[in-house]
Amino acid sequence: MKVCIACGMPMVEASEFACGDTTKDYCVHCARPDGSMQSFEEKKTGTINFIIKTQGIDEKAAVQMAESSMKKLPAWKGHFNS
């Protein structure tokens with residue numbers, strides 16, 4: 001099992017990998033339609049919106065949650081002062 005470097009999702013099935021390519025280090029949710037990985041800003045915005053939608057919290061709290069989670073992921077090392 002691999003873990004997505006951009007969101008931390010466990011990836012087991014080929015359908016969970018970007019474009020079904022099990023050699024990729026990121027998941028289908030972190031890929032653009034062309035199979036490349038989303039940028040930091042794309043992923044941060046998507047994560048914030050996902051948190052707001054699924055947890056019903058305000059944007060300020062969602063930003064803090066997204067940043068806290070993203071800081072721990074290999075894809076975003078160097079994007080935060082820390």
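Student: Which side chain meets the side chain of Glu67 in a salt bridge, and where does each of the two residues lie?

Tutor: In this predicted model, the side chain of Glu67 meets its partner with a distance of 2.7 Å, N to O. Glu67 lies in helix 2 and the partner in helix 1, so the pair ties together parts that are 23 residues apart in sequence. The partner in helix 1 is Lys44.

Student: Is Lys44 buried or partly exposed?

Tutor: The class follows from the relative accessible area, and buried means under 20%. Glu67, at 23% relative accessibility, counts as partly exposed. Lys44 has a relative accessibility of 16%, and therefore counts as buried.

Student: How many salt bridges are there in the model?

Tutor: Side chains of opposite charge can pair when their charged atoms come close. Among the pairs found here are Glu67 with Lys44, Glu42 with Arg32, and Asp25 with Lys2. The count of salt bridges comes to three.

Student: How far apart in sequence are the parts that Glu42 and Arg32 tie together?

Tutor: The side chains of Glu42 and Arg32 meet in a salt bridge at 2.9 Å, N to O. Glu42 lies in helix 1, while Arg32 belongs to the loop between strand 2 and helix 1, so the parts that this pair ties together are apart in sequence by 10 residues.

Student: Are Glu42 and Arg32 buried or partly exposed?

Tutor: The range for partly exposed runs between the limit for buried, under 20%, and the limit for exposed, over 50%. Glu42 has a relative accessible area of 36%, which places it in that range. Arg32 has 32% relative accessibility, so Arg32 likewise counts as partly exposed.

Student: Where does Lys2 lie, and which residue does its side chain meet in a salt bridge?

Tutor: The salt bridge that involves the side chain of Lys2 has a distance of 3.3 Å, N to O. Lys2 lies in strand 1, residues 2–3, and its partner in the loop between strand 2 (10–11) and helix 1, so the pair ties together parts that are 23 residues apart in sequence. Lys2 counts as partly exposed at 29% relative accessibility, and its partner, with a relative accessible area of 40%, is partly exposed Asp25.

Student: Which helix gives the most residues to the lining of the largest pocket?

Tutor: The largest pocket holds about 260 Å³ of space, and its lining residues include Ala6, His29, Lys43, Phe50 and Leu73. Helix 1 (40–55) and helix 2 (59–70) each supply at least two residues of that lining. With four residues, the helix that gives the most is helix 1.

Student: How many residues of the pocket lining are charged?

Tutor: Sorting the residues that line the largest pocket by type gives five nonpolar and five polar ones. What remains in that division is the charged group, which has one residue.

Student: How far apart in space are Ser69 and Gly8, C-alpha to C-alpha?

Tutor: Ser69 lies in helix 2, is among the residues that line the largest pocket, and at 34% relative accessibility counts as partly exposed. In sequence, Ser69 and Gly8 are 61 residues apart. In space, their C-alpha to C-alpha distance is 8.9 Å.

Student: Which residue has its backbone nitrogen 3.1 Å from a polar atom of the side chain of Asp58?

Tutor: Asp58 has its place in the loop between helix 1 and helix 2, and at 48% relative accessibility it counts as partly exposed. The backbone nitrogen that lies 3.1 Å from a polar atom of the Asp58 side chain belongs to Lys60.

Definitions and conventions
Residues are numbered from 1 along each chain as its sequence is written. This is a predicted model: local features need pLDDT of at least 70, side-chain atom pairs count only at pLDDT 80 or more; totals for chains, interfaces and linings use all residues. Side-chain values use heavy atoms; hydrogens and water are left out. On a 1 Å grid over the protein atoms alone, a cavity is a set of points where a 1.4 Å probe fits but cannot get out, and a pocket is an open set with protein on both sides within 12 Å along at least five of seven lines; lining residues have an atom within 4 Å of a point. Grid points are joined across faces, edges and corners, and a volume is the space filled by probe spheres set on the points. Ala, Val, Leu, Ile, Met, Phe, Trp, Tyr, Cys and Pro count as nonpolar, Asp, Glu, Lys and Arg as charged, and the others, Gly among them, as polar. Buried means under 20% relative accessible area, exposed over 50%, partly exposed in between (1.4 Å probe, protein chains only). A polar contact is a pair of N or O atoms within 3.5 Å; within protein, one must be able to donate a hydrogen and the other to accept it, and residues adjacent in sequence count only if both atoms are side-chain atoms. A salt bridge is a side-chain nitrogen of Lys or Arg within 4 Å of a carboxyl oxygen of Asp or Glu.
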